[in-house]
Amino acid sequence: MDLDVFLPGPATERQFRDALGAFSTGVTVITTHSAIGPLAITANSFASLSLDPPLVLWSPAKASRRFEAFAAAPHFAIHVLAADQAALGGHFARQGHDFNLPDGQVASVNAQGVPILPGCLAVFECAFEACHDGGDHAIIVGRVLAARHRNAAPLVFHAGRFGQFIAKDG
């Protein structure tokens, strides 16, 4: 099957989004403490950057109402969600200040005052390292101060929907 070739631009924005959506990613929730209290946002734009020093990155949209708070945050935490945490991902995709978590879960707070969500596959507690322009997004780099993880199936985002990863041997 041949792929349709198009030039990304205003007239093909939906096609471009659909093409980008063909790449499956994990799902993260980033938390911080802002001037008006705890804040969170769901994002799939997360990547490891460096082992030495330990750096990670994520990319919030500049159009987001939560952008300024995250771009200015001296500390934040990136939570990689497990397959059973779709409700948590959806919760913070809709709004960022409500920490009445699904299923009655309760967030803790780290030494820097950043909310830490329970039950995640991995958590990276970060200090702001750098922010770079990325078009309609910013690229925020964090220095990992502490990390934790557990083995379980991840929550996956593909073609605009949450799903699950099923490992196959061989």
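Which residue in S11 is the bridge partner of Gly26? It's Val156. Keep in mind that this is a predicted model. Below is a quick tour of a small sheet's pairing, a buried proline, two cysteines and some salt bridges.

**The open sheet**
- Three strands make up an open sheet, and their order is S1-S11-S12. The pairing here is antiparallel.
- Strand S1 (25-26) and strand S12 (161-164) sit at the edges, so to speak: each one pairs on one side only.
- Between S1 and strand S11 (residues 155-158), the antiparallel pairing runs over two bridges.

**Pro60 and its surroundings**
- You'll find Pro60 in the loop that links strand S5 (55-58) to helix H2 (67-71).
- Pro60 has a relative accessible area of just 4%, so it counts as buried.
- If you skip the neighbours within four places in sequence, Pro60 is in contact with Phe67, His137, Ala138 and Ile140.
- Pro60 and Phe70 are 10 residues apart along the chain, and 8.0 Å separates their C-alpha atoms.

**Cysteines without a bond**
- A disulfide is a covalent bond that joins the sulfur atoms of two cysteines.
- The disulfide count for this model is zero.
- Why doesn't Cys120 form one? Its closest cysteine sulfur is in Cys126, and at 13 Å that is too far for a bond.
- Seen from the other end, the closest cysteine sulfur to that of Cys126 is in Cys120, again 13 Å away and too far for a bond.
- Cys120 is buried, at 9% relative accessibility, and Cys126 is buried as well, at 2%.

**Salt bridges**
- The structure has four salt bridges, and three of them are described here.
- Asp18 and Arg14 meet through their side chains, with 3.0 Å from N to O. Both belong to helix H1 (residues 13-20), and because they are four residues apart, about one helical turn separates them. Asp18 is partly exposed at 45% relative accessible area, while Arg14 is exposed at 53%.
- Asp133 pairs up with Lys62, and their closest N and O atoms are 2.2 Å apart. This salt bridge links distant parts of the chain: Asp133 is in strand S9 (residues 122-134), Lys62 is in the loop between S5 and H2, and they are 71 residues apart. Asp133 is exposed, with 60% relative accessibility, but Lys62 is partly exposed, with 36%.
- Glu129 forms a salt bridge with Arg143, where the closest N and O atoms are 3.1 Å apart. Glu129 is in strand S9 and Arg143 in strand S10 (residues 137-149), so this pair ties together parts 14 residues apart in sequence. Glu129 is partly exposed at 36% relative accessibility, and Arg143 is partly exposed at 31%.

Key: Residues numbered from 1 in each chain as written. Predicted model: local features only at pLDDT ≥ 70, side-chain atom pairs only at ≥ 80, totals over all residues. Heavy atoms only, no water. Pairing = 2+ DSSP bridges. Buried < 20%, exposed > 50% of the residue type's maximum accessible area, 1.4 Å probe, protein only. Contact = heavy atoms within 4.5 Å. Disulfide = S-S within 2.5 Å.
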